[in-house]
Amino acid sequence: APEQSHEYAYYPFSKGPRVCIGNHFALSEATALLGMLLRACRFDPERAGDHGFRATNVLHPEPAVALRLRWR
């Protein structure tokens, strides 16, 4: 029921007995696409400079790093 779900909940493939039958294919396709993109493009920082890290449960760059995508 929508009124009982958390407003930030996101389940793209669902869970349990009604799981999406295409979830493994979609994740494999996304992985292949990312590999193709990484081979075909170069990612350059928008601005030069030193960046530090902010530690939470994972590391976050501080300040945020903006990248420019350039086709090879």
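**Close-up views of the predicted model**

**View 1. Asp44, a buried residue of strand β1.** Asp44 counts as buried because its relative accessibility is 18%, which falls under the 20% cut-off used for that class. In this predicted model, Asp44 is found in strand β1, which spans residues 41-45. The view can be set against the chain as a whole, in which buried residues make up 4% of the 72 residues.

**View 2. Polar contacts and other neighbours of Asp44.** Which side chains make polar contacts with the side chain of Asp44? One is the side chain of Arg42, joined to that of Asp44 by a polar contact of 3.0 Å, and another is the side chain of Arg70, where the polar contact with the Asp44 side chain is 2.9 Å. When neighbours within four places in sequence are left aside, Asp44 is in contact with Ala66, Leu67, Arg68 and Arg70.

**View 3. The nonpolar surface patch.** Leu34, Leu37, Leu38, Phe43, Val65, Leu67, Leu69 and Trp71 form a nonpolar patch on the surface, and together they have about 760 Å² of accessible area. Two elements, α1 (23-40) and β4 (67-71), each give two or more residues to this patch. Leu67, a member of the patch, also appears among the contacts of Asp44 listed for the preceding view.

**View 4. Trp71 in strand β4.** Is Trp71 buried or exposed? Trp71, which lies in strand β4, counts as exposed because its relative accessibility is 63%, a value over the 50% cut-off for that class. Trp71 is also one of the residues that form the nonpolar patch.

**View 5. The hairpin of strands β2 and β3.** Strand β2 (residues 52-55) and strand β3 (residues 59-62) pair in the antiparallel sense over four bridges, and the hairpin that joins β2 to β3 does so through three residues. Within this arrangement, Arg54 stands opposite His60 in β3.

**View 6. The whole chain, for orientation.** The protein chain has one helix and four strands, and read along the sequence these follow the pattern α-β-β-β-β. Among contacts between residues at least 6 apart in sequence, 40% join residues at least 24 apart. The chain exposes about 6,900 Å², of which carbon and sulfur atoms supply 60%.

Methods. Residues are numbered from 1 along each chain as its sequence is written. This is a predicted model: local features need pLDDT of at least 70, side-chain atom pairs count only at pLDDT 80 or more; totals for chains, interfaces and linings use all residues. Side-chain values use heavy atoms; hydrogens and water are left out. Buried means under 20% relative accessible area, exposed over 50%, partly exposed in between (1.4 Å probe, protein chains only). Contact means heavy atoms within 4.5 Å. Accessible areas come from the Shrake-Rupley method with a 1.4 Å probe; for residues, only the protein chains shown count as cover. Patches are made of residues with over 30% relative accessible area and no salt bridge: like charges are joined within 9 Å, nonpolar side chains (Val, Leu, Ile, Met, Phe, Trp, Tyr) within 5 Å. A salt bridge is a side-chain nitrogen of Lys or Arg within 4 Å of a carboxyl oxygen of Asp or Glu. A polar contact is a pair of N or O atoms within 3.5 Å; within protein, one must be able to donate a hydrogen and the other to accept it, and residues adjacent in sequence count only if both atoms are side-chain atoms. Two strands pair if DSSP finds at least two bridges between them.
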